[in-house]
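Student: Please take a close look at the aromatic side chains in this model, and then set that part in the context of the whole chain.

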Amino acid sequence: LKEPVLSGNQLWSFNWGRLYLLGWLELLDLGSNLLTTVPRMLSNCSLTLRVFNLTRNQISKLTKDFLRDVTSLQYLDLSYNNLKTIQASSFPDSTIRHLRELRLSGNHFLCTCDAWWFMWW
């Protein structure tokens, strides 16, 4: 299974710990669900994921190591969630260099002194 599409299923939880069982995973579409969390560290779940769609969920925060050691990801959609802040550690430079598209629209980000890096990015 390379491209499971699980969008629009009203999923409120997802077993991120079992994602590694899909060894050839390239695309994961979990958009338009009720998810509130992301994997603590995506690289522990999948090293082959290229497209990750989490649009239109209820995610309010990203873990500090969310994208640590992720190098295959090219497209990430976190638009229209409940994100207010993003930590710099959630988006390490090594991951950002490989991303071709990052979607964050529709989130109501707070403008704080801690978010200066995000504004300059």
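Tutor: A good place to start is Phe-14, which has a relative accessibility of 21% and therefore counts as partly exposed, the class that lies between buried (under 20% relative accessible area) and exposed (over 50%), as computed with a 1.4 Å probe and the protein chains only. The model is a predicted one, in which local features need pLDDT of at least 70 and side-chain atom pairs count only at pLDDT 80 or more, whereas totals for chains, interfaces and linings use all residues. Residues are numbered from 1 along each chain as its sequence is written, and side-chain values use heavy atoms, with hydrogens and water left out.

A pair of aromatic rings is described by the distance of the centres and the angle of the planes. Here the rings of Phe, Tyr and Trp (for Trp, the six-membered ring) are paired if their centres lie within 6.5 Å, and the planes count as stacked under 30 degrees, edge-to-face over 60 degrees and tilted for the rest. On that basis, a search of the whole structure finds two aromatic pairs. In one, the ring centres of Phe-14 and Trp-16 are 4.7 Å apart and the planes meet at 55 degrees, so this pair is tilted. In the other, Trp-16 pairs with Phe-52 in an edge-to-face arrangement, with 6.0 Å from centre to centre and 80 degrees between the planes. Because Trp-16 lies in the segment before β1 (27-29) and Phe-52 in strand β2 (residues 51-53), this second pair ties together parts that are 36 residues apart in sequence. Trp-16 has a relative accessible area of 9% and is buried, and Phe-52 is buried as well. Phe-14, Trp-16 and Phe-52 thus belong to one aromatic cluster.

The segment before β1 also holds Gln-10, a residue that has a positive phi of about 55 degrees although it is not a glycine. Gln-10 is exposed, its relative accessible area being 61%. Most residues other than glycine have a negative phi, and most peptide bonds are trans. A positive phi of about 55 degrees is also found at Tyr-80, again not a glycine, which lies in the loop between β3 (75-77) and α2 (93-96) and is partly exposed at a relative accessible area of 40%.

Strand β1 itself contains Asp-29, which counts as buried at 16% relative accessibility. Apart from its neighbours within four places in sequence, Asp-29 is in contact (heavy atoms within 4.5 Å) with Pro-4, Val-5, Leu-6, Ser-7 and Asn-53.

As for the setting of these parts, the protein chain has three helices and four strands, taken as DSSP runs numbered from the N terminus, with helices being H or I of at least four residues and strands being E of at least two. Along the sequence they follow the pattern β-α-β-β-α-β-α. The radius of gyration of the protein chain is 14 Å, close to the 14 Å that the globule rule gives for 121 residues, so the chain is as compact as a globular protein of that length; the radius is taken over C-alpha atoms, and the rule is 2.2 Å times the number of residues to the power 0.38. Of the 121 residues, 40% are buried, and among contacts between residues at least 6 apart in sequence, 58% join residues at least 24 apart.
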